[in-house]
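Colleague: Please take a close look at how one pair of helices packs here. Then place that pair beside the other parts you can describe.

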Amino acid sequence: MTDISKAGTFILGDKTINRMGYGAMQLAGEGVFGPPKDHEAAIAVLKAALKAGVNHIDTSDFYGPHVTNKLIREALHPYPDDLMLITKIGAKRGNDASWNPAMSADDLKRAVEDNLTNLGLNAMDVVNLRLMGGGAGHGPVEGSLEKPLRAVMQLQEQGLVRHIGLSNVTPTQVRQGRDMCDIVCVQNQYNLAHREDDALIDDLAKDGIAYVPFFPLGGFNPLQSDTLSEVAISLAASPLQIALAWLLQRSPNILLIPGTSSVDHLAENLAAAEIELSNEVIAKLDGIDAAGH
């Protein structure tokens, strides 16, 4: 069995967690909407993740909606003391599966309460305020986050939220958030081919703040690169394992949450924790640009 502790640990909020975690998004149906194609397989993946040593799971009540949180509760409740459940709020799903902003104080309070109800918790370990951004919502857009962050801070004062993070934000917004309250993590898009946050990752590392890349394997457009494939072949690993290993070695504050609905794929992802890349290999991978070359 893979020893994911080889990837190291990190103190997130008030818990020490393994850097290799799990993202629950893919447990929902197609388009992250509706129930899973195979309910029992989804339950099996969650149980296998914990058995393998995963002790932080990324989720949200707008996955489904409500689907992944109910699966997590069914599979894992009562939760182990060392398990950290991390959610995000700031959006809601339309009946047409659309992703829509939900940033008013009432929206955010309702979102936290729904997460707590569906997960069977009294307080969330970490709540990420997720800004919708531009386009399909996967890129940050400048603008003040003061009003919604104040609302989340009030929920923290009420004891519903233990720690606060930010998601899909610019460095300017991270600075604004950190001026307002303690921010324990930032969750943005980052991978081998999308490295706009290089400087931000380094700045956060200096202050012991976690950086959690979403779409670590490319998301809706999986990473494809001749260089990545060549490295993978040379190390008898899959390209996606190499991409995850590169992230783990990129900075000690990076926490990984690759998602899957397959037990076999879960094992493949977690095995990246044991892959050590040489400086020469890292230099090759660092040369991959946004086009995947």
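Modeller: A definition comes first: a crossing is right-handed if the near helix is turned clockwise from the far one by less than a right angle, and left-handed if anticlockwise. The model is predicted. Now take helix α4, residues 146-157, and helix α5, residues 171-180. Their axes come within 11 Å and cross at roughly 40 degrees. That makes α4 oblique to α5, because angles count as roughly parallel only under 35 degrees. The crossing of α4 past α5 is right-handed. On the α4 side, E146, L149, R150 and M153 make the contact. On the α5 side, Q176, G177 and M180 do so. By class, that contact has 3 nonpolar, 2 polar and 2 charged residues.

Next, helix α7 (residues 226-234) and helix α10 (residues 279-286). Their axes lie 9 Å apart, at an angle of about 160 degrees. α7 is therefore roughly antiparallel to α10. Here the crossing is left-handed. T227, L228 and V231 of α7 meet V281, K284 and L285 of α10. This contact has 4 nonpolar, 1 polar and 1 charged residues.

Last, the strands. β1 (residues 9-12) and β2 (residues 15-18) run antiparallel, joined by 4 bridges. They form a hairpin with 2 residues between them. In its turn, G13 has a positive phi of about 65 degrees. Side chains alternate along β1. F10 and L12 point to one face and are buried. T9 and I11 point to the other and are not buried. F10 also has a bridge partner in β2, namely I17.

Technical notes:
Residues numbered from 1 in each chain as written. Predicted model: local features only at pLDDT ≥ 70, side-chain atom pairs only at ≥ 80, totals over all residues. Heavy atoms only, no water. Axes fitted to C-alpha atoms, helices over the stretch in contact; angles between N-to-C directions. Parallel < 35°, antiparallel > 145°, perpendicular 65-115°, else oblique. Contact = heavy atoms within 4.5 Å. Nonpolar A, V, L, I, M, F, W, Y, C, P; charged D, E, K, R; others polar. Buried < 20%, exposed > 50% of the residue type's maximum accessible area, 1.4 Å probe, protein only. Pairing = 2+ DSSP bridges.
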